[in-house]
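Hi everyone, thanks for making time for this one. I'd like to walk you through a model, so please have a look at it while I talk.

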Amino acid sequence: LSVASLEDPVVMSKIRQSLREKHARHIADLRAYYDSEIQSLKQQLESSHRTAASEELKKINQSLADRAWCNLYVLSRCDQLDSALNEASAHIKALENKNNQLEKQVADWRERFYALSDSSKALQERLEEMRTSHKEKDNTISRLQSRLRELEEAFEKAYKLSDNKNTRLQEENKMFQNLLGEYESLGKEHERVKDTLNTTENKLLDANTEISDLKRTILKLEAQLKQVEHENALKLRH
């Protein structure tokens, strides 16, 4: 068996089942053998009572008694080995359960880590989009400011050149007011975008902190898992 197959829980389960079956058959064969041996000795003892002399019967009885005690000791030893095998199987089963629990916990932490990583990537993309939008709005505000200055200069020139162009001045003033209102609206939108950008950056920092904690937790769980697998392998070799 290779090391990889020994680490497979299905293969180990089959090996343990095969060992239990072989051990059970071996115990049954030993018991059947010694039961037949005891029966044969009893028959020999009964026949010896009828055919042998008294002194020989005592020797035979002693020999048969010694063999019977030996058989009883072997049966007792078989029971002890069977009990030890059951105890070792129970301990291996407990280690397997602990190993499975640790594997499930590691899988849960990994899923949570992947989910947080995806969320962090989405927040990062959203942050980049908001930064791009912020730059575009800054450029728009700059253009509007430049346009506003041009209109102010044109308005001052038109006002100085002629007082008779009142209608034109009113139209330009109206245009100026409209541009001023648009400028103020863009300024407010710019402030809202800055606030949203700061909030998104804080969320991204929190997500990165939690990801770091999850990485440390996963490393600890993987170390515990390796330790349990090592103990399991040592128990199996024993």
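**Rings, bridges and two asparagines**

Let me begin with a tyrosine: Tyr 34 is buried, at 15% relative accessibility. Its ring partner is Tyr 33, and the two form an edge-to-face aromatic pair, with 5.1 Å from centre to centre and 70° between the planes. Why edge-to-face? Because planes over 60 degrees apart are put in that class, and here the angle is 70°. Tyr 33 itself is partly exposed, with a relative accessible area of 46%.

How many aromatic pairs does a search of the whole structure find? Two. The other pair is made by Phe 113 and Tyr 114, whose ring centres are 5.8 Å apart and whose planes meet at 55°, so this pair counts as tilted. Phe 113 is buried, at a relative accessible area of 16%.

Before I go on, a word about confidence. What you see is a predicted model. The mean pLDDT of the protein is 78, and 87% of its residues reach 70 or more. Which elements have the lowest and the highest mean pLDDT? Helix H1, residues 3-7, has the lowest at 52, while helix H4, residues 166-237, has the highest at 82. Where pLDDT is low, the coordinates should not be read in detail. So please bear that general caution in mind when your eye wanders to the start of the chain, since helix H1 has that mean of 52.

Now the overall layout. The protein has four helices and zero strands, and read along the sequence the pattern is α-α-α-α. Of its 238 residues, 22% count as buried. The accessible surface comes to about 17700 Å², and carbon and sulfur atoms account for 51% of that. Now consider the contacts with a sequence separation of 6 or more: 83% of them are between residues 24 or more positions apart.

That brings me to the salt bridges. The structure holds nine of them, and I'd like to show you three. In one, the side chains of Glu 201 and Arg 131 meet, with 3.1 Å from N to O. This pair links distant parts of the chain: Glu 201 sits in helix H4 and Arg 131 in helix H3, residues 54-161, with their positions 70 residues apart. Are the two partners buried or partly exposed? Glu 201 is partly exposed at 27%, and Arg 131 is partly exposed as well, at 32% relative accessibility. There is a little more to see around this pair, as Glu 128 joins Arg 131 and Glu 201 in a network of salt bridges.

The next one is between Glu 189 and Lys 137, whose closest N and O atoms are 3.0 Å apart. Here too, distant parts of the chain are linked, with Glu 189 in helix H4 and Lys 137 in helix H3, 52 residues apart. Glu 189 is partly exposed, with a relative accessible area of 26%, and Lys 137 is partly exposed at 22%.

The third example stays inside one helix. Arg 147 and Glu 150 form a salt bridge, with the closest N and O atoms 3.6 Å apart. How many residues apart are they in helix H3? Three, so about one helical turn separates them. Both ends are partly exposed: Arg 147 at 39%, and Glu 150 at 42%.

To finish, let me point out two asparagines in helix H4. One is Asn 173, which is partly exposed at 34% relative accessibility. Its C-alpha atom is separated by 9.0 Å from that of Leu 151, a residue 22 positions away along the chain.

The other is Asn 232, also in helix H4. Is Asn 232 buried or exposed? Asn 232 is buried, because its relative accessible area of 10% is under the 20% cut-off. And which residues does Asn 232 touch, leaving aside those up to four places away in sequence? They are Ile 92, Leu 95 and Glu 96.

That's my tour. Thanks for listening, and I'm happy to go back to any of these spots with you.

Definitions and conventions:
Residues are numbered from 1 along each chain as its sequence is written. This is a predicted model: local features need pLDDT of at least 70, side-chain atom pairs count only at pLDDT 80 or more; totals for chains, interfaces and linings use all residues. Side-chain values use heavy atoms; hydrogens and water are left out. pLDDT is the predictor's confidence in each residue, from 0 to 100. Rings of Phe, Tyr and Trp (its six-membered ring) pair if their centres lie within 6.5 Å; planes under 30 degrees apart count as stacked, over 60 as edge-to-face and the rest as tilted. Buried means under 20% relative accessible area, exposed over 50%, partly exposed in between (1.4 Å probe, protein chains only). A salt bridge is a side-chain nitrogen of Lys or Arg within 4 Å of a carboxyl oxygen of Asp or Glu. Contact means heavy atoms within 4.5 Å. Accessible areas come from the Shrake-Rupley method with a 1.4 Å probe; for residues, only the protein chains shown count as cover.
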